[in-house]
Amino acid sequence: MAAESPVDATVAEVMAELAALEDARARAVNEKHGDDHGVNLGKLRAIAKRLKTQQELAVRLWETDDTAARLLALLICRPKAFGRDALDRMLREARAPKVHDWLVNYVVKKNPHVEELRVAWSADPDPVVASAGWALTTERVGKKPEGLGLPGLLDVIEAEMKDAPDRLQWAMNHCLARIGIDHPALRTRAVGIGERLEVHKDYPTSPGCTSPYAPDWIAEMVRRQDAGQDALRKSPLPGRSGLRAG
């Protein structure tokens, strides 16, 4: 029998540690959102901080098919170390919404294949895979919109969002809101689409939180932006009244 490798031993130790952190109440809360694990995310991040970056261990933890282990793997991996096909396979394996979200946000967005994957996933017939493509598109809407064809994106959202499956609908709605928030020339159209489709209009929202209903979301974020600009205009210029003479 082959000797156990250091990584094998560490995987076993980590899995035992995660099992010891399992909490029935946390699992019950997480399962309401489709996430089948009972490990507090703060404690999970503390383990990741201790382990630091370990790509081989991350790969082995992912292979366990355990949700908590996969979340930990995404925190300790090297995002740029994954090839395009590996990330595509991982996304299709990511059953739990939290694993899906962390994979896209913590790994794919930092990977050199991100644009290639964005284009491929956006056109994928699997709505969950397509939702990842839309999430990456939303990132570009805010940071690098050149070449996206924003009016065309609004055409697709207007035609398809109303009847899209839940996770795809959520991602498309986020993109709609981002276009309305970041691109004033398209804001009226984005708000109009949201008002006509009424997606998430009655979504239960806790006090102090912003509604995911796109017209309300856009209005609130634009209000905050305007308030921030007003505060900047009223603040003293650095180097003048804000500084004393030496």
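**Pockets and cores of a predicted model**

Mentor: About 210 Å³ of space lies in the second largest pocket. Please keep in mind that this is a predicted model.

Trainee: Which residues line the second largest pocket?

Mentor: The lining consists of Lys109, Val114, Glu115, Arg118, Leu136, Glu139, Arg140, Lys143 and Lys144. Helix 8 and helix 9 are the elements that give two or more residues to this lining.

Trainee: Which helix gives the largest share of that lining?

Mentor: Helix 9 does, with 4 residues.

Trainee: And by class, how does the lining of the second largest pocket divide?

Mentor: It has 7 charged residues, 2 nonpolar ones and no polar ones.

Trainee: Now the largest pocket, please. How much space lies in it?

Mentor: The largest pocket holds about 840 Å³ of space. It is lined by 22 residues, and those closest to its centre are Pro97, Asp101, Trp170, Ala171 and His174.

Trainee: Which elements give two or more residues to the lining there?

Mentor: Those are helix 7, helix 9 and helix 11, the last of which spans 166-182. By class, the lining of the largest pocket comprises 7 nonpolar, 7 polar and 8 charged residues.

Trainee: Let us move to the interior. Which residues touch the most other members in the largest nonpolar core?

Mentor: Leu61, Leu72 and Leu103 do, in a core of 38 residues. Several helices each supply at least two residues to this core, including helix 1 (6-21), helix 5 (67-76) and helix 9 (127-143). The largest share, 7 residues, comes from helix 5.

Trainee: What is Leu103 in contact with, leaving aside its neighbours within four places in sequence?

Mentor: Leu103 then has contacts with Trp62, Leu74, Leu87, Met90, Leu91 and Val108. Apart from the largest core lies another core, of 28 residues, among them Leu154, Leu168, Ile179 and Val191.

Trainee: Is there a general background to such cores?

Mentor: In soluble globular proteins, nonpolar side chains tend to be buried together.

Trainee: One more residue, then. Where is His183 placed?

Mentor: His183 sits in the loop between helix 11 and helix 12, the latter being 187-197.

Trainee: Is His183 buried or exposed?

Mentor: His183 has a relative accessible area of 17%, so it counts as buried, the cut-off being under 20%.

Trainee: Which residues is His183 in contact with, leaving aside its neighbours within four places in sequence?

Mentor: Those contacts of His183 are with Val141, Pro145, Leu150 and Arg178.

Notes: Residues numbered from 1 in each chain as written. Predicted model: local features only at pLDDT ≥ 70, side-chain atom pairs only at ≥ 80, totals over all residues. Heavy atoms only, no water. Core = buried A, V, L, I, M, F, W, Y, C linked by side-chain atoms within 4.5 Å. Buried < 20%, exposed > 50% of the residue type's maximum accessible area, 1.4 Å probe, protein only. Contact = heavy atoms within 4.5 Å. 1 Å grid on protein atoms, 1.4 Å probe; cavity = no way out; pocket = protein on both sides within 12 Å on 5 of 7 lines; lining within 4 Å. Points joined across faces, edges and corners; volume = space filled by probe spheres on them. Nonpolar A, V, L, I, M, F, W, Y, C, P; charged D, E, K, R; others polar.
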